Amino acid sequence: MKYTMKSKANMALAASLLLSVSGGVSAEGARDSISIAGSSTVYPFSTVVAENLGKAGKFKTPKVESTGTGGGIKLFCGGVGPQFIDIANASRAIKKSELEACAKAGVTEIVEVKIGFDGIVLAYSKKNKQKLDLSLKEIFLALAKRVPDPAHPEDGTLVDNPYKTWSEINPRLPATKIEVLGPPPTSGTRDAFAELALEGGCKAIPWLKAKHETDEAFFKSTCMTVRQDGAYIEAGENDNLIIQKLEKNADALGIFGFSYLEQNADKIQGALIDGQAPKFDNIASGKYAISRPLFFYVKKAHVPLIPGIEAYIAEFTSEKASGEEGYLADKGLIPLPAAERKKVAADAKALKVMALK
């Protein structure tokens, strides 16, 4: 089932918007540049595409805001008209409930553009010669605020996290203090880490996994709340500072985006996650567990009314931007496989409306 607009309603809306944008009787609030909001992870990629579009000289540089995925989609689904944003950046696929909210507000034709992948790594100093391989379950047990009681792990009892060293969680791991330097709650990387690593590890515990279906609020609270007793250290947004601390303490771990690991490969190395190394191909294929696809969503009704949307889409999906040798790869984007890139670009150019999930 596809979201489509009734022709009469569409024509009336377009006429109203056209008057607004072209300076007619309702010129107040009209825009002559693209408005974008959403994921902080997609933000740097979206910003550089917007800057390149502006430098080309034909269109004004789009305005890009970092509001978080949920916040961006909420703004996107607010309605149709120049007072609402044109594009929402997202570090996850749009939810069915969000599509339904969009439809209720008259946003009934949405173009989904998948742009690539993002990987998050647990990195540590190259001075540490151990090859660290962590499971998602071990990461959850190391960093969650409350965990199953080690004495009775399957009886449904939670306790404040008692683990002080990695070997207490699993004897095969180093007998070193659990010390992980990572981003604050305001960071998109922190959100993604909690969702992909902690929640993923939580699901490896059968009775907690069952809670996902029966008590989602309990599941989310338990699985995504990070401990605050010093094992997880909020190190701010300055990755260079984390690198310096890892160099001083070879047993500590730091949470980074994949691109930062690559840029500092002479100083740090990435832990394996469930046996998979944080490498380009593993992230692109989905083998590396802490990875996710990235998207942006376009309001089709705005395409003929707000200048530059089609050009922005074309720039973002071009090989020079999103290809394996594109400028977004230099910024840390993991490109889609070639065949998928080609299909995404073709569907985006055709403004193919997504189906209801």
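Which backbone oxygen lies 2.7 Å from a polar atom of the side chain of Arg31? In this predicted model, that atom belongs to Pro82, whose backbone oxygen is found 2.7 Å from a polar atom of the Arg31 side chain. A second backbone oxygen, that of Ser33, lies 2.8 Å from a polar atom of the side chain of Arg31. Arg31 itself sits in the loop that runs between α1 (7-21) and β1 (35-38), and with a relative accessible area of 17% this arginine is buried, because the cut-off for that class is under 20%.

From this loop the reader may turn to strand β4, which spans residues 110-125 and is mostly covered, with 14 of its 16 residues buried. Its pairing involves several other strands. With strand β13 (residues 291-299), β4 runs antiparallel and is joined by nine bridges, and along this pairing Val111 stands opposite Val298 in β13. Strand β10, made of residues 253-257, also pairs with β4 in the antiparallel sense, here over four bridges, and Val121 of the one stands opposite Phe256 of the other. Strand β11 (residues 268-270) is likewise an antiparallel partner of β4, over three bridges, with Ser125 placed opposite Ile268 in β11.

The packing of side chains gives another view of the model. The largest nonpolar core comprises 88 residues, and those with the most contacts inside it are Leu122, Ile139, Phe193, Ile290 and Tyr312. The largest share of this core comes from β4, which supplies nine residues. Apart from this core lies another one, of 17 residues, including Phe76, Ala88, Leu99 and Met354.

Tyr312, one of the residues with the most contacts inside the largest core, can be followed through its neighbours. When residues up to four places away in sequence are not counted, Tyr312 touches Ile34, Ile36, Ser46, Val49, Ala50, Leu53, Pro62, Ile87 and Phe296. Among these neighbours, Phe296 falls within the residue range of β13, 291-299, the strand joined to β4 by nine bridges.

Ile139, also among the residues with the most contacts inside the largest core, leads to helix α5. This helix, residues 136-143, is mostly covered, since seven of its eight residues are buried. The buried positions of α5 are Leu136, Glu138, Ile139, Phe140, Leu141, Ala142 and Leu143, a list that holds Glu138 beside Ile139.

Definitions and conventions
Residues numbered from 1 in each chain as written. Predicted model: local features only at pLDDT ≥ 70, side-chain atom pairs only at ≥ 80, totals over all residues. Heavy atoms only, no water. Buried < 20%, exposed > 50% of the residue type's maximum accessible area, 1.4 Å probe, protein only. Helix = DSSP H or I, 4+ residues; strand = E, 2+ residues; numbered from the N terminus. Pairing = 2+ DSSP bridges. Core = buried A, V, L, I, M, F, W, Y, C linked by side-chain atoms within 4.5 Å. Contact = heavy atoms within 4.5 Å. Polar contact = N/O pair within 3.5 Å; in protein donor to acceptor, adjacent residues only side chain to side chain.
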